[in-house]
Amino acid sequence: MAAPQEEPTWQPISMLAMLTAHVEVGVTMVREQRATLEKGRATPYVLDDAIVARGKREERGPGALRRP
């Protein structure tokens, strides 16, 4: 059975700039993390199996934005 949907929390349009900045920071963080992982990819044995598995898991699902 599906859980009941929550009512959205509406924000005034004046919050748009703040929300946009928040999203931009998130995108920057993801790009930096990806660059870090790409450096590790080029160096053998830097990334262990657990790190690689976690990266693959996060890449596929909505948990990509979830914090550990």
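**A salt bridge within one helix**

In this predicted model, the side chains of Arg34 and Glu38 pair up in a salt bridge, at 3.9 Å from N to O; the term covers a side-chain nitrogen of Lys or Arg within 4 Å of a carboxyl oxygen of Asp or Glu. The structure holds just this one salt bridge. Arg34 and Glu38 sit four residues apart in helix α1 (residues 16-41), so about one helical turn separates them. Arg34 is exposed, at 55% relative accessible area, while Glu38 is partly exposed, at 35%. Here, buried means under 20%, exposed over 50%, and partly exposed in between (1.4 Å probe, protein chains only).

Zooming out, the protein chain has two helices and zero strands, both taken as DSSP runs (helices H or I, at least four residues; strands E, at least two). Of its 68 residues, 4% are buried.

Residues are numbered from 1 along each chain as its sequence is written, and side-chain values use heavy atoms, without hydrogens or water. Local features need pLDDT of at least 70 and side-chain atom pairs 80 or more, whereas totals for chains, interfaces and linings use all residues.
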